[in-house]
Amino acid sequence: MTTAQGSAAKSHAGDDPIEIIAFYLGEQQFCVRTTSIREIRGWAKSTPLPHAPPEVMGMMNLRGAVIPVINTARKLGLPRSEPTERSAIVVAELGGAVFGLMVDRVSDILSISPDIIQPVPEMSAGFDRSFVEGIIPQHGDMICFLNLERMFSETSKTEFF
């Protein structure tokens with residue numbers, strides 16, 4: 001393969017669709033890549049842990065394994081979500097660590113073109129964009145595309161696991 005063919009193959013590989021799972025926190029839609037998602041479960045009460053970080057709702061039993069359940073809204077600095085019958089636990093795995101993300105409701109699993117992802121606009125100095133990969137315009141709405149790897153970097157993983 002020539003260098004030109006290698007470059008063309010790399011650029012074509014970047015055009016592959018991205019699989020995402022979209023969910024709501026309040027009235028705002030968010031999404032993450034499905035590559036880190038193991039399953040979606042209905043809401044089940046978690047067992048609180050004393051002195052846990054504020055975003056940790058507690059622990060749950062997932063087929064014999066005890067995993068932390070994170071209040072995703074709280075992790076993102078949004079008002080804390082309270083679970084309802086429509087809430088779900090999105091079970092994710094990063095670097096061998098398994099955890100649940102409590103969301104208000106799962107809305108869709110989509111395949112999107114990387115071309116439609118818009119950059120996060122510049123805002124005030126106090127705005128932390130580190131968790132956001134981009135914005136996806138979808139049917140008149142905007143979906144905030146989250147990066148789980150950045151949300152749960154090695155530093156923050158030690159707090160939960």
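How many bridges join E9 to strand E10 (residues 141–146)? Six bridges join them, and the two strands run antiparallel. One such bridge can be named: Val 132 has Leu 146 as its bridge partner in E10. Keep this pair of strands in view; the walk through the structure returns to it. The model is predicted.

Start with the whole chain. The protein has 161 residues, and buried residues make up 41% of them. Four helices and ten strands are present. Along the sequence, these elements follow the pattern α-β-β-β-β-β-α-β-β-β-β-β-α-α. Now take the contacts in the protein with a separation of 6 or more. Residues 24 or more positions apart account for 54% of those contacts.

Next, the sheet that holds E9 and E10. This open sheet has five strands in the order E8-E1-E2-E10-E9. Its pairing is mixed. Strand E8 (105–112) and strand E9 (132–138) stand at the edges. Each has a single partner strand, so one side of each is left without a neighbour in the sheet. On average, neighbouring strands of this sheet are turned by 30° against each other, direction ignored.

The loop between E9 and E10 contains His 139. His 139 has a positive phi, near 50°, and is a residue other than glycine. Is His 139 buried or exposed? Its relative accessible area is 74%. Exposed means over 50%, so His 139 counts as exposed.

A second histidine has a positive phi too. His 51 has a phi of about 60°, although His 51 is not a glycine. His 51 sits in the loop between E3 and strand E4 (56–62). With 84% relative accessibility, His 51 counts as exposed.

Strand E3 (residues 37–42) includes Gly 42. Gly 42 is exposed, at a relative accessible area of 53%. What does Gly 42 touch, not counting residues up to four places away in sequence? The answer is Ser 87, Ala 88 and Ile 89. Val 90 is 48 residues from Gly 42 along the chain, yet 8.7 Å separates their C-alpha atoms.

Return to the five-stranded sheet and look at strand E2 (residues 28–33), where Gln 29 is placed. Gln 29 has 12% relative accessibility. Buried means under 20%, so Gln 29 counts as buried. Which side chain does the side chain of Gln 29 meet in a polar contact? That of Ser 107, at 2.7 Å. Ser 107 is also among the contacts of Gln 29 beyond its neighbours within four places in sequence. The others are Ala 22, Phe 23, Tyr 24, Met 142, Ile 143 and Cys 144.

Now the aromatic rings. The count comes to two aromatic pairs. Phe 23 and Phe 30 form a stacked pair: the ring centres are 6.3 Å apart and the planes stand at 20°. Planes under 30 degrees apart count as stacked, so this pair qualifies. Phe 23 is buried, at 2% relative accessibility. Phe 30 is buried as well, with a relative accessible area of 7%.

Phe 99 and Phe 152 are paired too. Their ring centres lie 4.5 Å apart and their planes are at 45°, so this pair is tilted. Which parts does the pair tie together? Phe 99 lies in strand E7 (residues 97–103). Phe 152 lies in the loop between helix H3 (148–151) and helix H4 (154–160). The pair therefore ties together parts that are 53 residues apart in sequence. Phe 99 has 0% relative accessibility and counts as buried. Phe 152, at 1%, counts as buried too.

Charged side chains also meet rings. The charged end of Lys 75 sits over the ring of Phe 152, 5.1 Å from its centre. Phe 152 thus has a ring partner in Phe 99 and a charge over its ring from Lys 75. Elsewhere, Arg 105 lies over the face of Tyr 24, at 3.9 Å from the ring centre. Tyr 24 is one of the residues in contact with Gln 29.

Notes: Residues numbered from 1 in each chain as written. Predicted model: local features only at pLDDT ≥ 70, side-chain atom pairs only at ≥ 80, totals over all residues. Heavy atoms only, no water. Phe/Tyr/Trp six-rings, centres within 6.5 Å; stacked < 30°, edge-to-face > 60°. Buried < 20%, exposed > 50% of the residue type's maximum accessible area, 1.4 Å probe, protein only. Lys NZ or Arg CZ within 6 Å of the ring centre and 35° of its normal. Polar contact = N/O pair within 3.5 Å; in protein donor to acceptor, adjacent residues only side chain to side chain. Contact = heavy atoms within 4.5 Å. Pairing = 2+ DSSP bridges. Axes fitted to C-alpha atoms, helices over the stretch in contact; angles between N-to-C directions.
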